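Welcome, and please take a moment with the structure shown here. The short report after it walks through the fold, the surface and one ligand site.

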Amino acid sequence: MTIRIKKDKIAQGLLRTVEKMADVDLSTCFQCKKCDSGCPVSNLTGSPPSEILRRLHLGAGNELLESDLVWMCVSCETCFARCPMGIDIPSAIDALRVLAVEQRTPTPEGNMPLFNRVFLKTVKIFGRTYDLGMITAHKIGTNSYMKDADKFPVMLKKRKIALLPPRGADRKMAKRIFDSVRRNKENQK
Ligand code: SF4
Ligand code: SF4
């Protein structure tokens with residue numbers, strides 16, 4: 001694929017910003033592409049992980065925040081495990097997500113930022129993900145009530161989805177983690 005780099009004033013700092021936010025050193029990437037071969041969504045995206053790093057090195061600007069991998073990455077950390085230089089790519093992608101939200105960058109179809117928010121909300125409330133709660137909130141937010149509705153009975157039958165919220169999760173621990181993140185954010189202001 002053709003890589004288009006738009007250099008602008010903000011772009012100069014994008015690499016450094018991501019490195020600082022994610023606490024990673026991206027300069028050691030030598031483009032071996034081992035991260036791409038293990039990435040479960042690499043084939044579905046226009047920009048696999050190695051390309052995201054290359055574009056950062058080349059001074060890509062905020063257009064990088066529109067890359068589909070930024071929202072399609074499932075944080076499986078396979079790329080991190082495979083990288084011979086131990087580069088924490090998922091953290092770098094997380095940093096790009098945060099920047100994309102802060103700058104209200106257009107996101108791919110499916111409203112992934114909303115999905116992220118409802119995912120975190122259920123973890124915060126139940127201490128663990130609650131699939132049905134997530135799906136309901138996402139459907140309300142995207143006004144797509146009937147999309148994939150035919151799959152629901154099958155998933156229910158195969159016990160791939162539960163009607164009731166999860167039990168036994170350490171809700172207090174989850175609350176402590178969320179409180180700690182909130183405090184850290186407030187201290188950074
Ligand atoms: S595996 Fe590591 S060094 Fe190789 S391209 Fe990916 S990030 Fe760069
Ligand atoms: S963490 Fe994201 S970029 Fe890395 S292999 Fe998994 S899906 Fe791909």
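What follows starts with the whole chain and then turns to ligand 2.

**The chain as a whole**

Do keep in mind that this is a predicted model. The protein chain has 10 helices and zero strands, and its pattern along the sequence reads α-α-α-α-α-α-α-α-α-α. Contacts in the protein chain between residues at least 6 apart in sequence often span a good stretch of it: 67% of them join residues at least 24 apart.

Here are some overall values for the protein chain.

| Property | Value |
|---|---|
| Box filled by the C-alpha atoms, along the principal axes | roughly 50 × 40 × 30 Å |
| Share of the 189 residues that count as buried | 35% |
| Exposed area | about 12,500 Å² |
| Share of the exposed area from carbon and sulfur atoms | 55% |
| Distance between the mean positions of positive and negative charges | 6 Å |

That last row rests on 33 positive and 20 negative charges in the protein chain.

**Around ligand 2**

Which residues come nearest to ligand 2? Of the 13 residues around ligand 2, the nearest are C39, C73, C76, E77 and C79. Two helices also deserve a look while you have the model open: α5 (78–82) and α6 (89–102) each supply at least two residues of the shell around ligand 2.

What is the make-up of that shell by class? The shell around ligand 2 has 10 nonpolar residues, two polar ones and one charged residue. Cysteine counts as nonpolar here, so C39, C73, C76 and C79 belong to the nonpolar group.

Conventions: Residues numbered from 1 in each chain as written. Chains lettered and ligands numbered in written order. Predicted model: local features only at pLDDT ≥ 70, side-chain atom pairs only at ≥ 80, totals over all residues. Heavy atoms only, no water. Helix = DSSP H or I, 4+ residues; strand = E, 2+ residues; numbered from the N terminus. Buried < 20%, exposed > 50% of the residue type's maximum accessible area, 1.4 Å probe, protein only. Contact = heavy atoms within 4.5 Å. Areas by Shrake-Rupley, 256 points an atom, 1.4 Å probe, with all protein chains shown as cover. Lys, Arg positive; Asp, Glu negative; His and termini not counted. Charge placed at Lys NZ, Arg CZ, Asp CG, Glu CD. Near = heavy atom within 4 Å.
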